[in-house]
Amino acid sequence: MTGHGSPSTDTSSFSFTPLVRLGSGLGRTGVISTPHGCIKTPAFVAVGTKATVKAVLPESMAELGAQALLANAYHLYLQPGADIVELAGGVGRFMNWPGPTFTDSGGYQVLSLGVGFKKVLAMRTDGLGDDDVIAAGKARLAHVDDDGVTFTSHLDGRKHRFTPESSVRIQHQLGADIMFAFDECTTLMNTRGYQERSVARTQAWALRCLAEHHKQTKARADRPYQALFGVVQGAQYEDLRRQAARDLASLSVAGRSFDGYGIGGALEKENLGTIVGWVAHELPEDKPRHLLGISEPDDFFAAIQAGADTFDCVSPSRVARNAALYTRDGRFNVSNASQRRNFTPVDPDCDCYTCANYTRAYLHHLFKAREMLGCTLATIHNERFIVRLVDSIRASIETGDFEAHQADFLGRYYAAKRGTS
Ligand SMILES: [Zn+2]
């Protein structure tokens, strides 16, 4: 695998070791090794879209146990520019985060630009029916063709173009330990015909990404190895998902296949475990699997059980900035009037900095007074809550208590929520 004379194949600094299997299924624990440290899986990857987890110091993220951060290629390409991040020494050094980093390819962001609601994309009118309905009445800010995507910047309205090659080049400049292949992200509203064409396009792009990755790795042999993950699409269709996973797993350029795989695209919450399971079943066991974008605590259990090793989630910080806080007894909003005189911690079971030092009444006051510290303290708590939850799930796989832990955690989390909301 290694060889100083042949840097393009020097992947020794990236590896994945599966450890304990969850029953007879696809779930497992493991360790991903990167040039910037190890990630014990399953692991939650905190989101720092623009090279910052909003409102908190990177030191706080390390203190609360975050293992890795994910930034976004699209946002950093537009601002401050991939060249600036490269000059800084890569995204990790730029934001003073010494641990492992991920960047996503920008595919989802460029394709979801400016349209009315989440995961709904504007696209060329070569489709029929639903594919046209999706974009009706919306300014088309992104246009997909077989070569790439042309899009309008959300910052200044200028036109840009992403191709598989440019996305990989940008991600090499950004310097994260783990990068993702550029893919077309569709929605559940697209027709079956469109999904088929889209999966074929994503596969063709995957090969181009691998080729560009090979080229960049060779040209930039003085830098730490960056791993590239292929992304499995196929929406809710079992045959498309399985085929896409098999095809991606078989792709290689100069004898090198993807270092891991992402599971992307539109997933209905109730099918999340099923879809991850189809894909995980088809992917090689010795490669890590990352689920792109996930939201609530029950999703973590479902994804891990179905074989996801890592997943990124923007919810803990996003909802925190709206004063929504996780507790073992469900989510609540600390800006509610009921919290005004509550001098207990956010969650008495939590070991975070916020819970150790502050009360709900104080957080209530900060949010009411629109003080910035409210977002900081709330984000620290929520990020810690999710990190700790995923740590506990990992431990439960190691001790053989996964099912009991799942029943206990979700029973309490949702029972209390039903009772109080
Ligand atoms: Zn806390």
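Biologist: At roughly what angle do the axes of helix H14 and helix H15 cross?
Modeller: Happy to help, and bear in mind that this is a predicted model. Helix H14 covers residues 360–368 and helix H15 covers residues 372–399. Their axes come within 7 Å, and they cross at roughly 135°.

Biologist: What does that make H14 and H15 to each other, oblique or roughly antiparallel?
Modeller: Roughly antiparallel would need an angle over 145 degrees. The crossing of H14 and H15 is at roughly 135°. The two helices are therefore oblique.

Biologist: How many nonpolar residues are there in the contact of H14 with H15?
Modeller: From H14 come Leu-363, Leu-366 and Phe-367, and they meet Leu-373, Gly-374, Leu-377 and Ala-378 of H15. Gly counts as polar here. By class, the contact holds no charged residues, one polar residue and, to answer you, six nonpolar ones.

Biologist: Let's turn to the sheet. Which strands stand at its edges?
Modeller: The sheet is open, with three strands in the order E1-E2-E3 and antiparallel pairing. Each edge strand has a single partner, so one of its sides is left without a neighbour in the sheet. Those strands are E1 (15–21) and E3 (37–41).

Biologist: Which residue in E3 is the bridge partner of Ser-33?
Modeller: Strand E2 takes in residues 28–34 and pairs with E3 in the antiparallel sense over five bridges. The partner of Ser-33 in E3 is Cys-38.

Biologist: About what angle does the direction of H15 make with that of E2?
Modeller: H15 packs on the sheet and touches E1, E2 and E3. Its direction and that of E2 make an angle of about 120°.

Methods
Residues numbered from 1 in each chain as written. Predicted model: local features only at pLDDT ≥ 70, side-chain atom pairs only at ≥ 80, totals over all residues. Axes fitted to C-alpha atoms, helices over the stretch in contact; angles between N-to-C directions. Helix = DSSP H or I, 4+ residues; strand = E, 2+ residues; numbered from the N terminus. Parallel < 35°, antiparallel > 145°, perpendicular 65-115°, else oblique. Contact = placed C-beta atoms within 7 Å. Pairing = 2+ DSSP bridges.
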